[in-house]
Amino acid sequence: MQIETITFLAAITGYAGLTANMVLVAADRHRPKHMTPVALIVFAHVLMVWQFRYDWEIAQATRNGYAGFVIFHAALLGILAAPLAGHPWAKRLVAFSFLVAAMGASGAVMRYDEVAVYRLPVFVCDLVGLSALAYWIFRRSRP
């Protein structure tokens with residue numbers, strides 16, 4: 001199996017795990033520890049991207065612009081912080097991370113041929129996760 005395949009398989013696995021955590025948040029069944037495996041998978045993905053795609057060079061990481069770079073790393077920070085945060089903050093970090101990751105993942109599968117194969121799984125995760133996010137926000141806003 002090529003390293004590129006492993007790298008992007010880790011990405012979709014992490015995104016699916018993040019989506020599952022968003023569903024748990026919406027169902028009020030989320031615990032911060034649920035994000036630990038997701039954080040480990042996503043962190044491994046990011047390390048592989050930096051090693052094999054960017055060669056540890058900031059110029060490579062920002063070659064397509066700063067927006068993608070910021071989105072990619074903002075989601076990473078939220079995902080890494082979620083297992084360490086207290087209960088109410090963990091839920092907020094999952095919601096934030098999911099929303100940011102959804103933007104990045106959706107854009108990536110539409111823009112880059114090497115991840116186009118993941119369009120359907122990403123769009124399914126988008127639909128499920130965004131529905132859960134909307135439900136959670138609506139439920140929280142009601143008295």
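A polar contact here is a pair of N or O atoms within 3.5 Å, where one must be able to donate a hydrogen and the other to accept it. With that in hand, a good place to start in this predicted model is Asp 126. A polar contact of 2.5 Å links the side chain of Asp 126 to that of Ser 106, and another, of 2.3 Å, links the side chains of Asp 126 and Tyr 15.

Asp 126 sits in helix α6, which covers residues 119-141. Its relative accessibility is 9%, so Asp 126 counts as buried, the cut-off being under 20%. Setting aside residues up to four places away in sequence, Asp 126 touches Tyr 15, Phe 98, Ala 102, Ser 106 and Ser 131. Ala 105 is also worth a look: 21 residues separate Asp 126 from Ala 105 along the chain, while their C-alpha atoms are 8.9 Å apart in space.

Tyr 15 turns up again in the largest nonpolar core. This core has 38 residues, and those touching the most other members are Tyr 15, Leu 18 and Met 22. Two or more residues of the core come from each of α1, α2, α4, α5 and α6. Of these contributors, α5 gives the most, with ten residues. What does Leu 18 touch, once its neighbours within four places in sequence are left aside? The list runs to Met 35, Val 38, Ile 79, Val 94, Ser 97, Phe 98 and Ala 101. Phe 98 is thus a contact of Leu 18 and also one of Asp 126.

Next comes the empty space. Rolling a probe the size of a water molecule over the atoms shows where such space is left. The largest pocket found in the model has a volume of about 1000 Å³. It is lined by 41 residues, and the closest to its centre are Phe 72, Gly 104, Ala 105, Ala 108 and Tyr 112. Ala 105, met above through its distance to Asp 126, is therefore one of the residues closest to the centre of the pocket. At least two lining residues come from each of α1 (3-26), α2 (36-53), α3 (58-61), α4 (66-81) and α5 (87-111). Which helix gives the most to this lining? That is α4, with ten residues. By type, the lining splits into 28 nonpolar residues, nine polar ones and four charged ones.

Phe 72, one of the residues closest to the pocket centre, is in contact with His 45. His 45 belongs to helix α2 and, with a relative accessibility of 9%, counts as buried. Beyond four places in sequence, His 45 also contacts Thr 7, Phe 8, Ala 10 and Ala 11. With Thr 7 there is a polar link too: a polar atom of the His 45 side chain lies 2.9 Å from the backbone oxygen of Thr 7.

The backbone has a couple of oddities to report. Most residues other than glycine have a negative phi. Asp 55, though not a glycine, has a positive phi, near 55°. Trp 56 also has a positive value, with phi near 60°. Where do they lie? Asp 55 is in the loop between α2 and α3, and the place of Trp 56 is in the loop between α2 and α3 as well. Is Asp 55 buried, exposed or partly exposed? At 48% relative accessibility, Asp 55 counts as partly exposed, because that class covers values between 20% and 50%.

Note on methods:
Residues are numbered from 1 along each chain as its sequence is written. This is a predicted model: local features need pLDDT of at least 70, side-chain atom pairs count only at pLDDT 80 or more; totals for chains, interfaces and linings use all residues. Side-chain values use heavy atoms; hydrogens and water are left out. Helices (H or I, at least four residues) and strands (E, at least two) are DSSP runs, numbered from the N terminus. Buried means under 20% relative accessible area, exposed over 50%, partly exposed in between (1.4 Å probe, protein chains only). Contact means heavy atoms within 4.5 Å. On a 1 Å grid over the protein atoms alone, a cavity is a set of points where a 1.4 Å probe fits but cannot get out, and a pocket is an open set with protein on both sides within 12 Å along at least five of seven lines; lining residues have an atom within 4 Å of a point. Grid points are joined across faces, edges and corners, and a volume is the space filled by probe spheres set on the points. Ala, Val, Leu, Ile, Met, Phe, Trp, Tyr, Cys and Pro count as nonpolar, Asp, Glu, Lys and Arg as charged, and the others, Gly among them, as polar. A nonpolar core is a set of buried Ala, Val, Leu, Ile, Met, Phe, Trp, Tyr and Cys residues joined through side-chain atoms within 4.5 Å.
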